[in-house]
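Here are my notes on the model you passed along, set out as numbered points. Have the viewer open while you go through them.

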Amino acid sequence: MTITQLYYVLAVAEHQNFTKAAQSCFVTQPTLSMQIQKLEEELDVLIFDRGKKPIELTEVGKKIVLQARNIVNESDRIQDIVDQQKGFIGGEFRLGIIPTIMPTLLPMFLKTFIKKHAKVKLKIEELTTEEIIQRLEDGHLDAAIAATPLEKENLKERVIYYEPFVGYIPQNHRLFEKKHIEVNDLDLHDMLLLEDGHCFRDGIINLCKSLKNQNEDTFQLESGSIETLIKLSNEGLGMTLLPYLHTLDLKDHLKTNLRHFTEPSPAREVSLVYHKSELKMQIIDALYDTISSIVRGAIAFQNVKIISPLPKK
């Protein structure tokens, strides 16, 4: 049994196709198939049910894949040990960021991090929370920035900051004259929300569902971006809630529509999330230190109530 064979098994388990798995491993399909067949012969079991389309893991194959992932992670740790011993902070680092955090946070820290850690090759992807969880667990991301808690046993969360929700209320809205708003003021009947799949949307729904007579089916207007929600609100189609950092770059005439909540403000917890195997911790530590030092100056809210980003069943 070799580490390479286990890499190939993980690739087929992910792609459910030998040809695609071989392409992802940069080997020919016969080479990959032969190595997996050798492993199956050595273990005297079938890892994959090749009669299914797409290919599926057998019951014992599912258990083998779980253990293979642990072994591959531990083998990667050897290079980590060497890098840390040398004090080396560099190499490829794959970072996922959710859409409602990417446009505001990334410009704040990226230039500083690149300048300070020039040997790190950051590969950044905008991904939904669901995609981030899957890719972290599959080993295709080194870390992510997302709203937490995620309640995943295999993932660790390191809180960077707390970001309050802020009301964006147009002039014709029933709440416009209020200087501060309260959670009890919210009503899903006149709330503009992001499309399904955004955890900030789920946070708002969870916030509103704590009130009486709040039915998720009452609203109809949804959008894929916060910028569009602001434009729709300006057209008098309802109010919306914004993450605090999104309010900083609004034009002055639009800021007159902002209403903060009375304390404790409903807020989301934003964390650096990574696998419990803690690979590439020297880069994760450097990323955390850079982001937290920069964000601390822009956002320093403590008296907040954390709203879960997980959709309620």
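1. What percentage of the residues in the protein chain is buried? Buried residues come to 46% of the 313 in the chain. Keep in mind throughout that this is a predicted model.

2. On the overall build, the protein chain has eleven helices and 13 strands. Its C-alpha trace spans about 75 × 45 × 30 Å along the principal axes. Take the contacts between residues at least 6 apart in sequence: 75% of them join residues at least 24 apart.

3. Now the surface and the charges. About 16500 Å² of the protein chain is exposed, and carbon and sulfur atoms supply 50% of that area. There are 38 positive and 44 negative charges, and the mean positions of the two sets are 4 Å apart.

4. On annotation, UniProt lists residues 1-58 as "domain: HTH lysR-type", and the entry is unreviewed. In the model, that span is 62% helix and 7% strand. The C-alpha atoms at the two ends of residues 1-58 lie 19 Å apart.

5. Phe26 deserves a look if you check backbone torsions. Its phi is near 60 degrees, a positive value in a residue other than glycine. Phe26 sits in the loop between α2 (18-25) and α3 (29-43). Is Phe26 buried or exposed? Phe26 counts as exposed because its relative accessible area is 77%, where the cut-off for exposed is over 50%.

6. Glu278 is another entry for the torsion list, with phi near 55 degrees, again positive in a residue other than glycine. The loop between β12 and α11 holds Glu278. With a relative accessibility of 27%, Glu278 is classed as partly exposed, since that class runs between the 20% and 50% cut-offs.

7. Which peptide bonds should you check for cis geometry? One is the bond from Thr148 to Pro149, which is cis with omega near 5 degrees. Pro149 belongs to the loop between β5 (143-148) and β6 (155-168). Another is the bond from Glu263 to Pro264, also cis, with omega near 0 degrees. Pro264 is in the loop between β11 (258-261) and β12 (265-275).

8. Next, helix α11, which covers residues 281-298. How many residues does α11 have? It has 18, and from first C-alpha to last it reaches 26 Å, close to the 26 Å expected at 1.5 Å a residue. The buried residues of α11 include Met281, Ile283, Ile284, Leu287, Tyr288, Ile291 and Val295. Gln282, Thr290 and Ser292 of α11 are also buried.

9. Some loop residues are buried too, and Leu127 is one of them, with a relative accessible area of 5%. Leu127 is in the loop between β4 (120-126) and α6 (129-138). Which residues does Leu127 contact, leaving aside neighbours within four places in sequence? They are Gly96, Ile97, Ile98, Pro99, Ile132, Arg135 and Leu141. Leu127 and Leu310 are 183 residues apart in sequence, and their C-alpha atoms are 16 Å apart.

10. Asp190 is found in the loop between β7 (180-181) and β8 (193-194). Why is Asp190 classed as buried? Its relative accessible area is 18%, and buried means under 20%. Once neighbours within four places in sequence are set aside, Asp190 is in contact with His173, Arg174, Gly238 and Met239. From Asp190 to Thr240 is 50 residues in sequence and 8.4 Å in space, C-alpha to C-alpha.

11. His198 lies in the loop between β8 and α7 (199-209). At 15% relative accessibility, His198 also counts as buried. Not counting residues up to four places away in sequence, His198 touches Pro99, Thr100 and Gly224. Pro99 is also among the contacts of Leu127. As for Glu151, it is 47 residues from His198 in sequence, with 17 Å between the two C-alpha atoms.

How values were computed: Residues are numbered from 1 along each chain as its sequence is written. This is a predicted model: local features need pLDDT of at least 70, side-chain atom pairs count only at pLDDT 80 or more; totals for chains, interfaces and linings use all residues. Side-chain values use heavy atoms; hydrogens and water are left out. Helices (H or I, at least four residues) and strands (E, at least two) are DSSP runs, numbered from the N terminus. Buried means under 20% relative accessible area, exposed over 50%, partly exposed in between (1.4 Å probe, protein chains only). Contact means heavy atoms within 4.5 Å. Accessible areas come from the Shrake-Rupley method with a 1.4 Å probe; for residues, only the protein chains shown count as cover. Lys and Arg count as positive and Asp and Glu as negative; His and the chain ends are not counted. The place of a charge is taken as NZ of Lys, CZ of Arg, CG of Asp or CD of Glu. The expected span of a helix is 1.5 Å times one less than its number of residues. UniProt positions are given in the numbering used here, feature names are shortened, and annotations may be inferred rather than shown by experiment.
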